[in-house]
Amino acid sequence: MIVAERKTIPELVDILEGHKKILVLGCGTCVTVCLAGGEREVSIISSALRIASRAKNLSFEIEELTIERQCDNVFIEEAAKAVERNDVVLSLGCGAGVQAIAERYLEKPVYAGLNTAFIGILEERGIWAEKCAACGACVLDQYGGICPITRCAKHMLNGPCGGSREDRCEVRPDRPCGWQLIYQRLKGIGQLDRLKRIVPPKNWAPSLGGGCRVIVREDHRI
Amino acid sequence: MRLQYPTNIRIIRTPCTGRLEVEYFMKAFENGADGVLVAGCEEGSCHFIEGNFMAKRRVNYTRRILSEAGFEMERLRMINIGAADARPFVEHIKNMIETIRNLGPNPLHEADASSSVLDAMIEQETQP
Ligand code: SF4
Ligand code: SF4
C-alpha cells in the first residue's frame with residue numbers, strides 16, 4: 001500500500017491561512033490502512049484545525065468527509081457537493097488522490113495534508129516500512145523476493161557492501177542489512193547460486209528518469 | 001471511607017482506558033472541556049492486559065497534537081491508580097483542578113469566560 005504521514009498542524013495552518021470554508025477530505029483506501037488520512041484522521045486533524053483556528057483567531061469553518069478512493073473518478077463524484085460548498089479542499093489522500101481531486105475541480109484550490117512517503121507494509125503495530133520504489137522493472141525474482149533497491153541503503157544489485165555489523169545495515173543501524181536478508185532468503189529457498197552471477201547495471205529507463213510514466217493498455221481502450 | 005471530591009468534575013465511565021481514542025479527547029476540548037484527567041489502572045494490572053499502556057500512548061499523542069494546535073497540553077493528563085485508592089484519587093483530582101485553575105477556562109469555551117471550572121473526568125470502571 002501507499003504509506004503517508006500527516007503534516008504538522010502549524011504546517012497545515014500555514015497552508016490554509018486566509019481561507020474560510022475548508023473541506024477536509026479523507027480517503028478510505030491506503031491512507032486509511034496506514035492511519036494517516038482515513039475517517040478518524042480526518043476527525044482528529046479537523047478538531048486540531050478548529051482548535052488552532054480559535055486559538056490563533058483565524059476563521060476556519062471545517063467540514064469533514066471521507067470517500068472510498070480519491071484517485072478514482074467514480075468515488076470523487078461522491079464529494080462533488082461538499083467540494084462545491086467549500087472554498088478549498090485539504091486532501092488527506094496520497095499525492096495521486098490530491099491531484100485527482102485537483103484535476104477534477106479546476107477552480108478550487110486543493111492542498112495536500114499528508115506527506116506521501118513510500119510503497120510499503122505494516123511491519124509491526126505502529127511501524128510501516130518501505131518495500132518498493134516502483135522502479136518500473138522489477139528484479140525481485142533474482143533476489144529471493146527481497147528488493148535490493150529499497151532494502152539496501154546503497155541500492156546494490158551485487159551486494160553486500162561489506163559494511164554491515166551483525167545483521168544491521170551500516171547506513172541505517174536501526175534496519176536489517178538488505179543483503180543479509182537476501183542471502184538468508186536465497187539460502188532458505190536453495191538458490192544461493194544466483195549470487196555467483198554478476199548482475200549488470202539495472203535499466204533505469206522505466207523509472208523516474210523519463211518524465212511522467214504512463215501505461216497504455218490498448219485492449220482496455222474504447 | 002467516605003471522601004469528598006470536588007463537585008466541578010464530571011465522571012465518564014469506560015470499560016477500560018484502552019477504549020479511549022484520540023478523537024474523544026480532541027472532541028472534549030473542542031466542545032469546551034477545561035481539562036481531561038484519564039484515570040487508568042496501575043501499570044501491569046490492566047484487566048485487558050495493555051489497555052492502560054495504549055491509553056498512555058494515545059494521551060501522549062493527543063498532547064502533542066494539541067500543543068501543535070497552540071492549545072495547552074497540560075489540560076490533558078493521565079494517571080494510574082488502583083480501584084481502591086480513594087485518597088490518592090481525590091488528591092489527583094484536586095491537583096488537576098489546581099492546574100486548570102492556573103490555566104484558566106478553556107479558551108475555546110463559547111460560553112461566559114468566567115464560568116466555573118468544568119473538568120471532564122474519565123475514569124475506568126472498577127473491575128470486580
Ligand atoms: S525491484 Fe523495483 S519494482 Fe521490484 S520491488 Fe524493488 S523497487 Fe519495486
Ligand atoms: S550494510 Fe547491507 S543494506 Fe546497508 S548498504 Fe551495505 S549491503 Fe546495503
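**View 1. Across the interface of chain A and chain B, the rule finds 5 salt bridges.** Everything here comes from a predicted model, so treat each distance as a computed value. One of the bridges joins the side chains of A:Arg40 and B:Glu21, with 2.6 Å from N to O. Polar contacts turn up here too: 8 residue pairs across the interface of chain A and chain B, both partners at pLDDT 80 or more. On the side of chain A that touches chain B, the elements giving two or more residues are α1 (9-16) and α3 (39-55) of chain A. Which of them gives the most to that side? It's α3(A), with 10 residues. Sorted by class, this side of chain A has 7 nonpolar, 3 polar and 7 charged residues.

**View 2. Here's the whole contact between chain A and chain B, which bury about 1,600 Å² between them.** Interface size is often quoted this way, as the accessible area lost when the parts come together. Of the area buried here, 52% is on carbon and sulfur atoms. How many residues does each chain put into the contact? Chain A brings 17 residues and chain B brings 19 residues.

**View 3. Zooming in on helix α1 (residues 22-30) of chain B, we find B:Lys27 and B:Glu30.** The two form a salt bridge, and their closest N and O atoms are 3.4 Å apart. They sit 3 residues apart in this helix, about one turn. Is B:Glu30 buried or exposed? Buried, because its relative accessibility is 11% and the cut-off for buried is under 20%. B:Lys27, on the other hand, has 31% relative accessibility, so it counts as partly exposed.

**View 4. Helix α2 (residues 51-68) of chain B holds B:Glu68 and B:Arg64.** These two also make a salt bridge, with the closest N and O atoms 4.0 Å apart. Since B:Glu68 and B:Arg64 are 4 residues apart in the helix, about one helical turn separates them. B:Glu68 counts as buried because it has 16% relative accessibility, while B:Arg64, at 47%, counts as partly exposed. Elsewhere, salt bridges that share partners tie A:Arg40, B:Glu21, B:Glu23 and B:Arg58 into one network.

**View 5. A salt bridge within chain A links the side chains of A:Lys196 and A:Asp193.** The N to O distance is 3.6 Å. Are these residues buried or exposed? Both A:Lys196 and A:Asp193 are exposed. For the full tally, the structure holds 22 salt bridges over all chains.

**View 6. Strand β2 (residues 21-27) of chain A is mostly covered, with 6 of its 7 residues buried.** Strand β3 (residues 61-67) of chain A pairs with β2(A) in the parallel sense, over 7 bridges. To find your way around this pairing, pick out A:Val24: its bridge partner in β3(A) is A:Glu64. β2(A) also runs parallel to strand β4 (residues 88-91) of chain A, and 4 bridges join them. Which residue of β4(A) is the bridge partner of A:Ile22? That's A:Val88. As a general reminder when looking at strands, side chains in a regular one alternate between the two faces of the sheet.

Technical notes:
Residues numbered from 1 in each chain as written. Chains lettered and ligands numbered in written order. Predicted model: local features only at pLDDT ≥ 70, side-chain atom pairs only at ≥ 80, totals over all residues. Heavy atoms only, no water. Buried < 20%, exposed > 50% of the residue type's maximum accessible area, 1.4 Å probe, protein only. Pairing = 2+ DSSP bridges. Contact = heavy atoms within 4.5 Å. Buried area = accessible area lost by both parts, 1.4 Å probe. Polar contact = N/O pair within 3.5 Å; in protein donor to acceptor, adjacent residues only side chain to side chain. Nonpolar A, V, L, I, M, F, W, Y, C, P; charged D, E, K, R; others polar.
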